[in-house]
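Biologist: Please pick one part of this model and take me through it closely, then work outward from there. I'd like the cut-offs spelled out as you go.

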Amino acid sequence: MATRFPLSILFLGLLLSLAACCGSSTCDECQDAHADAIYLQFSVDSSATGNGFRAAELDTIQLIRQAVSEKITPRRDTARIVLRRTAVADSIRLDRTLPFPARDTLVTEDYTYSILLPNAKPAQRYELTEVNIEGSFEADGCCTCYRNRVKTLQLDGRPLDLTDPAGNNGIVPIRLTRK
């Protein structure tokens with residue numbers, strides 16, 4: 001009985017020291033917020049290549065999200081984004097909750113997305129389909145982060161790989177140009 005008491009104190013001390021170590025560290029290197037997000041960025045380089053957009057053409061962007069999951073009855077959500085002229089070069093984030101409401105347990109890859117630019121001359125439409133996001137949780141000391149291994153989709157039938165080459169869930173935007 002005397003040997004159990006010191007072992008339990010030793011075990012308790014080990015747990016407390018581990019908790020103190022992990023409690024004082026932050027997991028800033030985790031970029032889980034970007035893990036399942038798709039970022040759109042519009043080319044505003046209209047004078048150099050002729051493939052970019054003017055700010056007035058990007059002031060209103062319409063988004064349509066169509067559920068393709070067999071988990072629910074198919075339905076559509078729509079969102080309209082109005083951009084200030086100073087924000088047209090910023091990225092637009094698409095995920096389970098932005099700019100659309102969260103629905104059921106569906107995730108980003110349970111949808112297809114249509115991006116419409118009604119003010120562009122001529123009007124532009126882009127289709128994002130076949131969204132595939134695969135990842136896992138990885139632990140490093142006190143931090144456990146979600147890491148994407150694969151983030152791919154099709155833009156107008158053309159495959160794109162949006163996986164961060166550094167493996168940190170960094171933002172790899174889809175750069176949209178005039179068709």
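Modeller: I'll start with strand β5, move to its neighbours and the loops beside them, and finish with a second loop and the cavities.

First, the ground rules: this is a predicted model, so local features need pLDDT of at least 70 and side-chain atom pairs count only at pLDDT 80 or more, while totals for chains, interfaces and linings use all residues. Residues are numbered from 1 along each chain as its sequence is written, and side-chain values use heavy atoms, with hydrogens and water left out.

Strands here are DSSP runs of E with at least two residues, numbered from the N terminus. β5 covers residues 111-117, and 7 of its 7 residues are buried, so the strand is largely enclosed by the rest of the structure. By buried I mean under 20% relative accessible area, with exposed being over 50% and partly exposed in between (1.4 Å probe, protein chains only). In a regular strand the side chains alternate between the two faces of the sheet. For β5, both of those faces are covered. One side carries Tyr111, Tyr113, Ile115 and Leu117, the other Thr112, Ser114 and Leu116, and all of these are buried.

Who sits beside it? β5 pairs with β2 (residues 60-67) in the antiparallel sense, over 6 bridges; two strands count as paired if DSSP finds at least two bridges between them. If you want a spot to look at, Ile64 stands opposite Ser114 in β5. β5 is also joined to β6 (residues 124-140), again antiparallel, by 5 bridges. There, Leu116 has Arg125 in β6 as its bridge partner. The link between β5 and β6 is a hairpin of 6 residues. Pro122 is found in that loop between β5 and β6, and the peptide bond joining Lys121 to Pro122 is cis, with omega about -10°.

Going one strand further out, β2 is mostly covered, with 6 of its 8 residues buried. β2 pairs with β3 (residues 76-82) as well, antiparallel over 7 bridges, and Arg65 has Asp77 in β3 as its bridge partner.

Back on the other end of β5, the loop that runs between β4 and β5 holds Pro99. The bond from Leu98 to Pro99 is another cis peptide, with omega near -10°. Most residues other than glycine have a negative phi, and most peptide bonds are trans.

That loop leads us to β4 (92-94), which belongs to an open sheet of 3 strands in the order β4-β1-β9, with mixed pairing. β4 and β9 are the edge strands, each pairing on one side only. The twist averages 30° from one strand to the next, taken from axes fitted to C-alpha atoms, with angles from 0 to 180 degrees between N-to-C directions. Within this sheet, β1 (residues 38-42) and β9 pair in the parallel sense over 3 bridges, and Leu40 has Ile174 in β9 as its bridge partner.

Just before β9 comes the loop from β8 (158-161) to β9 (174-176), and Asn169 lies in it. Its phi is near 60°, positive although the residue is not a glycine. Asn169 is buried, at a relative accessible area of 3%. A polar atom of the Asn169 side chain lies 2.9 Å from the backbone nitrogen of Asn148.

Asn148 and Asn169 both help line the largest cavity, along with Lys151, Leu162, Thr163, Asp164, Gly167, Asn168 and Gly170. A cavity is a set of points on a 1 Å grid over the protein atoms alone where a 1.4 Å probe fits but cannot get out, and lining residues have an atom within 4 Å of a point. The search finds 2 of them at 30 Å³ or more. The largest has a volume of about 40 Å³, volume being the space filled by probe spheres set on the points, which are joined across faces, edges and corners. Its lining has 1 nonpolar, 6 polar and 2 charged residues. Here Ala, Val, Leu, Ile, Met, Phe, Trp, Tyr, Cys and Pro count as nonpolar, Asp, Glu, Lys and Arg as charged, and the others, Gly among them, as polar.

How values were computed. Helices (H or I, at least four residues) and strands (E, at least two) are DSSP runs, numbered from the N terminus. A polar contact is a pair of N or O atoms within 3.5 Å; within protein, one must be able to donate a hydrogen and the other to accept it, and residues adjacent in sequence count only if both atoms are side-chain atoms. On a 1 Å grid over the protein atoms alone, a cavity is a set of points where a 1.4 Å probe fits but cannot get out, and a pocket is an open set with protein on both sides within 12 Å along at least five of seven lines; lining residues have an atom within 4 Å of a point.
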